[in-house]
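Biologist: I should like to request a close look at a single part of this model, beginning with one residue and working outward to its surroundings. Please keep each step tied to the computed values.

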Amino acid sequence: MDPRFDIITTLNTLFWATDHHDWDTLAHVFSDQVTLDYGEPELLSPQEIIGRWRPIFEGLDAHQHLVSNHLITLRDDAATATASFIATHQHAHGTWTLGGDYRFSLHNTPSGWKVTAMEMRPVWEEGVGIG
């Protein structure tokens with residue numbers, strides 16, 4: 001099977017698990033340490049990422065991440081991927097929607113592809129932000 005399918009499935013699982021608050025599944029898409037970059041890169045464990053995301057997403061009325069246009073480059077057991085996104089967040093003060101691109105690094109392990117780095121590059125936004 002083409003490994004790109006498994007990589008896209010890993011990335012889709014990341015956002016599906018986040019949107020459905022399936023924190024156990026989310027933990028399994030990440031490597032033991034992840035460089036997470038939402039403006040400034042930080043090296044975090046999956047538990048630290050979930051510890052930050054969980055109160056934000058569970059505090060919203062609703063949210064959805066739509067991710068598409070995956071482009072993947074393979075190099076042995078490593079891969080880089082980019083994908084476009086639109087993320088909508090409904091909260092008490094209105095709706096905040098933003099769009100842009102993600103860049104991921106992944107590594108193939110015996111238990112599947114794991115995200116080792118994730119960078120969000122916002123391009124546009126509309127509405128009242130959260131936080």
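Biologist: Does Asp 76 count as buried or exposed, and at what relative accessibility?

Modeller: The model is a predicted one, and the values below are computed from it. Asp 76 counts as exposed, because its relative accessibility is 75% and the class begins over 50%. This residue is placed in the loop between β3 and β4. Its phi is positive, near 60 degrees, although Asp 76 is a residue other than glycine.

A positive phi is also found within strand β3. Asn 69, which belongs to that strand, is not a glycine and has a phi of about 55 degrees. At 56% relative accessibility, Asn 69 is likewise classed as exposed. A further exposed loop residue is Ser 111, with a relative accessible area of 58%; it sits in the loop between β5 and β6. From Ser 111 to Thr 80, 31 residues away along the chain, the distance is 18 Å between C-alpha atoms.

Two places before Asp 76 in the numbering comes Leu 74, a member of strand β3, which covers residues 62-75. Leu 74 is partly exposed, since its relative accessible area is 33%, a value in between the 20% and 50% limits. Beyond its neighbours within four places in sequence, Leu 74 makes contact with Pro 3, Arg 4, Ile 7, Ala 79 and Trp 113. Among these partners, Ile 7 is one of the buried residues of helix α1, so the description turns next to that helix.

Helix α1 comprises 17 residues, numbered 3-19, and extends 25 Å between its first and last C-alpha atoms, close to the expected 24 Å. At its start, a side-chain oxygen of Asp 2 comes to within 2.9 Å of the backbone nitrogen of Arg 4. After the helix comes His 21, whose phi is positive, near 55 degrees. The buried residues of α1 are Ile 7, Thr 10, Leu 11, Leu 14, Phe 15, Ala 17, Thr 18 and Asp 19.

Two residues of α1 illustrate different levels of accessibility. Ile 8, in helix α1, is partly exposed, with a relative accessible area of 25%. Leaving out neighbours within four places in sequence, Ile 8 contacts His 70 and Ile 72. Although Ile 8 and His 70 are 62 residues apart along the chain, their C-alpha atoms are separated by 7.2 Å. Thr 18, also in α1, is buried, because its relative accessible area is 2%. A polar atom of the Thr 18 side chain lies 2.8 Å from the backbone oxygen of Leu 14. When residues up to four places away in sequence are not counted, Thr 18 touches Trp 23, Leu 26, Trp 53, Phe 57, His 63 and His 65.

Trp 53 and Phe 57 lead from Thr 18 to helix α3, where both are buried together with Pro 46, Ile 49 and Ile 50. The 13 residues of α3 should span 18 Å at 1.5 Å a residue, and the 17 Å between its end C-alpha atoms agrees with that.

The remaining feature is the largest pocket. Its volume is about 430 Å³. The lining consists of 23 residues, of which Tyr 38, Trp 53, Ile 56, Phe 57 and Met 120 are the closest to the pocket centre. Trp 53 and Phe 57 thus appear both among the contacts of Thr 18 and beside the centre of the pocket. The elements that each supply at least two lining residues are α1, β1 (30-37), α3 (46-58), β4 (78-91), β5 (94-109) and β6 (112-127). Of the contributors, α3 gives the most, with four residues. By class, the lining holds 15 nonpolar, four polar and four charged residues.

A return to Leu 74 relates the two parts of this description. Leu 74 and Ile 56, a residue named above for the pocket centre, are 18 residues apart in sequence, yet their C-alpha atoms lie 33 Å apart in space. Leu 74 itself contacts Pro 3 and Arg 4, among others, whereas Thr 18, further along in α1, touches Trp 53 and Phe 57, among others.

Methods. Residues are numbered from 1 along each chain as its sequence is written. This is a predicted model: local features need pLDDT of at least 70, side-chain atom pairs count only at pLDDT 80 or more; totals for chains, interfaces and linings use all residues. Side-chain values use heavy atoms; hydrogens and water are left out. The expected span of a helix is 1.5 Å times one less than its number of residues. Buried means under 20% relative accessible area, exposed over 50%, partly exposed in between (1.4 Å probe, protein chains only). A polar contact is a pair of N or O atoms within 3.5 Å; within protein, one must be able to donate a hydrogen and the other to accept it, and residues adjacent in sequence count only if both atoms are side-chain atoms. Contact means heavy atoms within 4.5 Å. On a 1 Å grid over the protein atoms alone, a cavity is a set of points where a 1.4 Å probe fits but cannot get out, and a pocket is an open set with protein on both sides within 12 Å along at least five of seven lines; lining residues have an atom within 4 Å of a point. Grid points are joined across faces, edges and corners, and a volume is the space filled by probe spheres set on the points. Ala, Val, Leu, Ile, Met, Phe, Trp, Tyr, Cys and Pro count as nonpolar, Asp, Glu, Lys and Arg as charged, and the others, Gly among them, as polar.
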